[in-house]
Protein chains: 4
Amino acid sequence: MIKSMNRRGFASDNNAGVSNEVLQKMMEVNIGHTIGYGDDNYTRLAVDVLKTNFGDQAIPFLVFTGTAANVLGITASAKAFNSVICADTAHIHVDECGAPERFSGCKLVPIKTPNGKLTPELIKPYLYGFDFEHHSQPGIISITEPTELGTLYTVEEIKQLSQLAHKFNMFLHIDGARLANAAVALNCSFREMTYDAGVDVLSFGGTKNGLMFAESVIFFNETLAANFKYIRKQGMQLTSKMRFIAAQFIAYFENDLWRKNAMHSNAMARKLYEAVIKIPEVTVTQEVQANAVFAIIPESVTHELKKEFFFYDWDENIGEVRWMTSFDTTEDDIDRFVDKLKEAIGC
Amino acid sequence: MIKSMNRRGFASDNNAGVSNEVLQKMMEVNIGHTIGYGDDNYTRLAVDVLKTNFGDQAIPFLVFTGTAANVLGITASAKAFNSVICADTAHIHVDECGAPERFSGCKLVPIKTPNGKLTPELIKPYLYGFDFEHHSQPGIISITEPTELGTLYTVEEIKQLSQLAHKFNMFLHIDGARLANAAVALNCSFREMTYDAGVDVLSFGGTKNGLMFAESVIFFNETLAANFKYIRKQGMQLTSKMRFIAAQFIAYFENDLWRKNAMHSNAMARKLYEAVIKIPEVTVTQEVQANAVFAIIPESVTHELKKEFFFYDWDENIGEVRWMTSFDTTEDDIDRFVDKLKEAIGC
Amino acid sequence: MIKSMNRRGFASDNNAGVSNEVLQKMMEVNIGHTIGYGDDNYTRLAVDVLKTNFGDQAIPFLVFTGTAANVLGITASAKAFNSVICADTAHIHVDECGAPERFSGCKLVPIKTPNGKLTPELIKPYLYGFDFEHHSQPGIISITEPTELGTLYTVEEIKQLSQLAHKFNMFLHIDGARLANAAVALNCSFREMTYDAGVDVLSFGGTKNGLMFAESVIFFNETLAANFKYIRKQGMQLTSKMRFIAAQFIAYFENDLWRKNAMHSNAMARKLYEAVIKIPEVTVTQEVQANAVFAIIPESVTHELKKEFFFYDWDENIGEVRWMTSFDTTEDDIDRFVDKLKEAIGC
Amino acid sequence: MIKSMNRRGFASDNNAGVSNEVLQKMMEVNIGHTIGYGDDNYTRLAVDVLKTNFGDQAIPFLVFTGTAANVLGITASAKAFNSVICADTAHIHVDECGAPERFSGCKLVPIKTPNGKLTPELIKPYLYGFDFEHHSQPGIISITEPTELGTLYTVEEIKQLSQLAHKFNMFLHIDGARLANAAVALNCSFREMTYDAGVDVLSFGGTKNGLMFAESVIFFNETLAANFKYIRKQGMQLTSKMRFIAAQFIAYFENDLWRKNAMHSNAMARKLYEAVIKIPEVTVTQEVQANAVFAIIPESVTHELKKEFFFYDWDENIGEVRWMTSFDTTEDDIDRFVDKLKEAIGC
């Protein structure tokens, strides 16, 4: 039917397909009728599984996309006159076409960072104007874990940010589109890096780690969750055949698929990093802590490499590129990529 | 894993699962990497297939849910100060938690109808106040085909409504969550009942007829489509792994799956209708033209029936219930249901 | 400068100008500098005066327009997924260009009434679907006092509606654009018809009774008021020179100007009513309880009358017109109008 | 009634009252009835006067507040998926509580500047991502003239920005809350600095220069203006007694009141600047081009001065304060202020 080869590249972990176990589970739940819109046993099981992993206080809701998880989580946790403080590289700020502003009404306050990570010191200058009606009221600190630059917050750093947030009656939101990659890198449980660290609301992604379209908004604060079912419906994210999102999360946690996938993609990034770090013409620009490698390479090399492997420029002005690995990246992919890279460089 | 039986009932066609051909195709496209967010060959093929069926002028976009298709199609076709005229039984009015108002800003103007169908005569009294800034400007006529009451607009009736709309510089929107059921009932092509009939924007559903979550907003007017990609993104409906929605539409049109499924569910409704119409204690309240049967039955009978078959009350005040058939309803399901019904009535 | 005569008519009480006392007070406060945005002594005095009249629990905020008072009061009292139940003649439904939907996100649920008045019996059929996420959650009952048809709720009727609202965890909102006219007609205090009657949030108008542009949102519920200052600012209704709105309210309550104005306009409507009721060709269609007279008269008479007096058609299909009196209507205006009416009829 | 003295200070030009000519005109138009909502001869005259000053192509609409003028002008000129590029000191970004985001849905993109002024060089790095649906589409460049820091764009600089905007199919918006101060400083006509310079949409303020509450959204582009009357109504800014806003603009242009007021307040700022520049302990931080003086002074001096004169801190971290002059600032005010300043410094 479609003749073109689907060559694996390094463009994004969402260019990958779906783990077989996931499709298998989606077929398994395709039996007879279930009540629509999440009032079914599969969804109940998925919710239970999420609670097992995030703690009993976790209140999970399933949605389709990461943008939706972020936007609706923020909407539930903020008033329209609040602002959301985030890194200026945050997905919510640069990659969602203004969806957070449009749906929540909030102002986004982007902060420049060296590595995609907010710190209390970076944030504090923006914590002013409380009670002053001319000023968008700081309401949420939103971080991405791992960041869009492939770097990691430690659990301790997350705690510091949640404490800062709570001190100012604000909430801490994590965009965890790749949270599994962070969990395996930090070698901690999901609960330890979220509930135990004081996180209030989480966008927990699966799509970038081998699911098809399955994301979850997880609240650790009952009040924020109270009206979320209406917000999800108004946000056009309530699916009738919910069992097919539920099935993905069920598969994700069976036999630790999430861990297997995330460990693999992290390992592939590490392997790539270790290979390219030896090449003088390649300057790695960010710590490689999850499944992304950022590097500056000569423009001609980028050009040559792209003939065979798809990946994105990050900052064209300085020749910086981004290479993402994913659950299905093979050792051979890395070897061939590095060979090609060396060849293009001429070493 | 999940022990409960998934018994087929008559609650809704979205309580059914997914056609095997659809899951099969989703597995087929699960090869290697494709560019995300719809810039892939599977999506291009799905779009081509939709254009083949709706006409070259059709401009289709894929989304997840029917609510999203409706809300985003309306948003693209209206300004926030417009009103949307619809039947007071319309899904956009009674089943979407105000999502159209929230996202588009528009006012919904519900009109009472005997059978879920708008007519020029019913609409005309609401076509006033043009150019008067105190009045929400009538912008869209929205109809559901087939209606939420299982009734059908003829192609000629659709034409009359599009002519009325265009006469007042308004647009005609169809909520076609079950458009396949209408097409087979009317024995016409999708194009004949949409583009040829003057429709401007269509929510074309697949989920209720054997797909998993696959809906499409189809514009027949280039201007309305111009900015839709941004609206879809802001509407949180742009999926990275688009090929898995595309695959569903590809399967839907291969070997006329859509027709096979829709004809079957219509036939099952017909069979049910023909059986119950003979029972004096059952009063069928709407014409059975697609895959729904509405009937008034004694309360005790409803109670007895529900022990075995799941279905919804429609109007509790008068004892009216709704029975939906779906692509996977079997003749045996109908026979058993009717037997049980007779037993409960005592005839 | 402007040559055209400003002839008094019966179009609307907002076609009138401003009471002299009001302009006088606006001049009086025009001394030196005051802190902007309401943090000044004039505004504090206006707030105190409002609290004196509405009760200590009243929490008043000043805004410019009645639409703003309604929209922002509703926004503060509802979530975007709520619905607002109102008469289908309500100003918020028919005369605000969908502003309530756009700003609050809420759905408006219009109910047909014989006389512009909601009753528990009319409302109850709409109080369903609580906790069901597909359904806009009933959140507010909004009534207009006096109604757009010139009729009145008694204090007892308001109480019944607030009890109904509270029973369902909803709020009662009054659009009191002409509340002064109601208060004098009912011969009760503002507090008796609002706080004492269980009202949660009130749009208290002055503009239609001799002020220039001065309206107030008054909360009787601290929780609803808590964030209102931000909502007013985001709603673009926070004026820097607040003292000039404050001055209007100060004047309004000095020497009972509000009462004097409202009693006069009510009396003029009564005089008009008593004159026209004797003319057989005139059918008065609504009870005359405040400052409006609705009547059916022959089309040719309307045509003739409008040559001299400006007023609006209400329902052209049946020849119904609306005559509003205002604080500056004179006895002579009524006499001349009635003479002209009789002349046009030929009696 | 109110005992406190209304001492003139240097907090803001909107802490001043209203020019007598303005109140006088408001009294003058207070005769009889006029049709509401702007369909009256006073409003027509005000519109004509504005067109006379801004050019025949100008399409003016009257509103109450500067925030409303900005927000509604932006809403009319952008789609919800657009971004608005502005200085990070812009009123729309820092002083409107997120109203632009909430009402328009747009993202604001703040740019750091040395003096409140955007330049093509500062803007260009942000002009990317066109046609890329993940990216808020750059739609508007918004500048403030004079800026919030009291500096001025030359007409030539405005032209360069409009050319840049138009090259990218964007629009240039001016927040002209103090445009009169700019016009007299630049010694040019309103038309020369707006329509002739390629401006698309203007917030033209009067409130900060002696009016009470009178602002205008002026379009120089017919398409943008086409639906504005609905946007103004939905934006809750359409007043029934429009003649009282109109009167203010009529007075503003009679006998060049706008010019007289603006020249005076600029002259007072100049006088203040010339006095303080001689004091070594005072560091003026921005060019004084309109009616604001920004300076760094010792904290103890600020403290001492504030006992007698009200003004605002600008940047507490560095001891920077802002002194605004206004139409009613007297030479004596300046003298007394400078004396006090010197006394506090001890020179």
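Helix α3 of chain C is largely enclosed by the rest of the structure, because 11 of its 12 residues are buried. The model is predicted. Buried here means under 20% relative accessible area. The buried residues of α3(C) begin with T67(C), A68(C), A69(C) and N70(C). V71(C), L72(C), G73(C) and I74(C) are also buried. T75(C), A76(C) and S77(C) complete the list. The helix covers residues 66-77 of chain C. Its length was checked against expectation. At 1.5 Å a residue, the 12 residues of α3(C) should span 16 Å. The end C-alpha atoms are 16 Å apart, so the two values agree.

Two interfaces of chain A were then examined. The size of an interface is often given as the accessible area lost when the parts come together. Chain B and chain A bury about 5700 Å² between them. Of this area, 60% lies on carbon and sulfur atoms. In chain B, the residues that lose the most area to chain A are H33(B), M236(B) and K241(B). Together they account for 16% of what that side buries. The contact joins 70 residues of chain B to 69 residues of chain A.

Polar contacts link chain B and chain A at 42 residue pairs, both members at pLDDT 80 or more. The rule finds 0 salt bridges across this interface. Six helices of chain B each give two or more residues to the side that touches chain A: α1 (20-28), α2 (41-54), α3 (66-77), α5 (99-104), α11 (228-234) and α12 (243-253). By class, that side of chain B has 31 nonpolar, 27 polar and 12 charged residues.

The contact between chain C and chain A takes 18 residues from each chain. These two chains bury about 1700 Å² between them, with 55% of it on carbon and sulfur atoms. F81(C), E133(C) and Y230(C) supply 41% of the area that chain C buries against chain A. No other three residues supply more.

Across the interface of chain C and chain A, the rule finds 4 salt bridges. One pairs K229(A) with D131(C), whose closest N and O atoms are 3.1 Å apart. The interface also holds 6 residue pairs in polar contact, both at pLDDT 80 or more. Helix α11 of chain C (residues 228-234) gives the largest share of the side that touches chain A, namely 6 residues. The residues on that side of chain C divide into 7 nonpolar, 5 polar and 6 charged.

Definitions and conventions: Residues are numbered from 1 along each chain as its sequence is written. Chains are lettered from A and ligands numbered from 1 in the order in which they are written. This is a predicted model: local features need pLDDT of at least 70, side-chain atom pairs count only at pLDDT 80 or more; totals for chains, interfaces and linings use all residues. Side-chain values use heavy atoms; hydrogens and water are left out. Contact means heavy atoms within 4.5 Å. Buried area is the accessible area (1.4 Å probe) that two parts lose on being put together, summed over both. A salt bridge is a side-chain nitrogen of Lys or Arg within 4 Å of a carboxyl oxygen of Asp or Glu. A polar contact is a pair of N or O atoms within 3.5 Å; within protein, one must be able to donate a hydrogen and the other to accept it, and residues adjacent in sequence count only if both atoms are side-chain atoms. Helices (H or I, at least four residues) and strands (E, at least two) are DSSP runs, numbered from the N terminus. Ala, Val, Leu, Ile, Met, Phe, Trp, Tyr, Cys and Pro count as nonpolar, Asp, Glu, Lys and Arg as charged, and the others, Gly among them, as polar. The expected span of a helix is 1.5 Å times one less than its number of residues. Buried means under 20% relative accessible area, exposed over 50%, partly exposed in between (1.4 Å probe, protein chains only).
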